[in-house]
Amino acid sequence: MTADTQLSNPAPAESLSSGTPLGRARGLGSAREGAHHWGVERLAAAATLALLVWLAVSLLRLPALDHATVTQWLKAPLVAVPMLLLILAMFRHLQMGLIVVIEDYAHDEGNRLILIALVNLASIFGGALALFSVLKIAFAPLGAG
Amino acid sequence: MLVSILHRITGFGLATLGAGLFVWWLYAAASGAEAYAAFVGWATWKWALIVPVGLTWAAWQHILSGLRHLVMDTGAGYELSANRFWAWMTVIGALLLTLLTWAYIYWRAGA
């Protein structure tokens with residue numbers, strides 16, 4: 001087996017002599033964390049669903065969706081806090097979901113690592129921007145929108 | 001099989017377009033009335049209505065097929081006819097719920 005097929009074929013087991021133990025395990029994920037990862041995936045999904053339902057119902061019940069109404073609404077602690085939690089849950093969920101898709105379809109190890117890094121960066125940036133926006137609205141003095 | 005692929009496609013659309021619009025909405029709200037008006041202008045442009053309607057369908061489809069996967073995680077529903085029945089129910093249910101959601105939005109907008 002050449003080093004080349006090693007890289008493009010992360011699931012070995014076809015031969016006993018397919019490279020070093022590290023080479024065979026690399027890219028397959030860390031050991032002993034599977035159950036925890038599985039639980040976090042489902043927790044993030046369930047929290048996203050519950051909080052998204054809350055957001056949709058809240059928005060549909062608002063008398064209008066103009067700037068003044070929405071920012072006034074976002075200032076209430078019992079609105080701002082669920083919004084912050086929704087952002088955390090949703091971005092964690094979409095980050096984990098996109099990584100699952102990449103792991104299944106990007107077979108080249110190099111591409112896979114780059115795509116996963118991009119997903120991580122974009123999720124963190126998008127989530128941070130959303131969190132900051134909610135905090136800015138919530139902490140802005142009244143009337144300053 | 002079809003529903004499993006739909007789950008991934010809708011999830012991908014929601015994670016990119018859906019999350020992008022969600023961040024744009026909050027960022028615009030935090031940037032002031034003018035930026036917010038620009039967002040509302042784009043979001044309610046009638047030729048772009050396919051986007052919010054499409055995202056509503058994607059969200060319902062992803063939620064229903066996600067709940068189906070959660071039930072299957074418990075080991076239930078693997079019998080072939082039950083499996084096929086619930087797979088189709090997620091597709092029909094998502095279309096019905098999308099219709100109901102937008103009927104409600106139009107009823108609210110008109111009232």
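This dialogue goes through the contact between chains A and B and then the form of chain B.

Reader: What should I know about the model before I begin?

Author: This is a predicted model, in which local features need pLDDT of at least 70 and side-chain atom pairs count only at pLDDT 80 or more, while totals for chains, interfaces and linings use all residues. Residues are numbered from 1 along each chain as its sequence is written, and chains are lettered from A and ligands numbered from 1 in the order in which they are written.

Reader: How many residues does the contact take from chain A and from chain B?

Author: Two residues are in contact if their C-beta atoms, placed from the backbone, lie within 7 Å; here the contact takes 19 residues from chain A and 19 residues from chain B. On the side of chain A that touches chain B, the elements giving two or more residues are helix 3 (34-61), helix 4 (67-74), helix 5 (77-105) and helix 6 (109-139) of chain A, and helix 6 of chain A gives the most, with seven residues.

Reader: Which helices and strands are there in chain B?

Author: Helices (H or I, at least four residues) and strands (E, at least two) are DSSP runs, numbered from the N terminus; chain B has four helices and zero strands, in the pattern α-α-α-α along the sequence.

Reader: What radius of gyration does chain B have, beside a compact globule of 111 residues?

Author: The radius is taken over C-alpha atoms, and the globule rule is 2.2 Å times the number of residues to the power 0.38; such a globule would have a radius near 13 Å, but chain B has 17 Å. The C-alpha trace of chain B spans about 55 × 30 × 20 Å along its principal axes.
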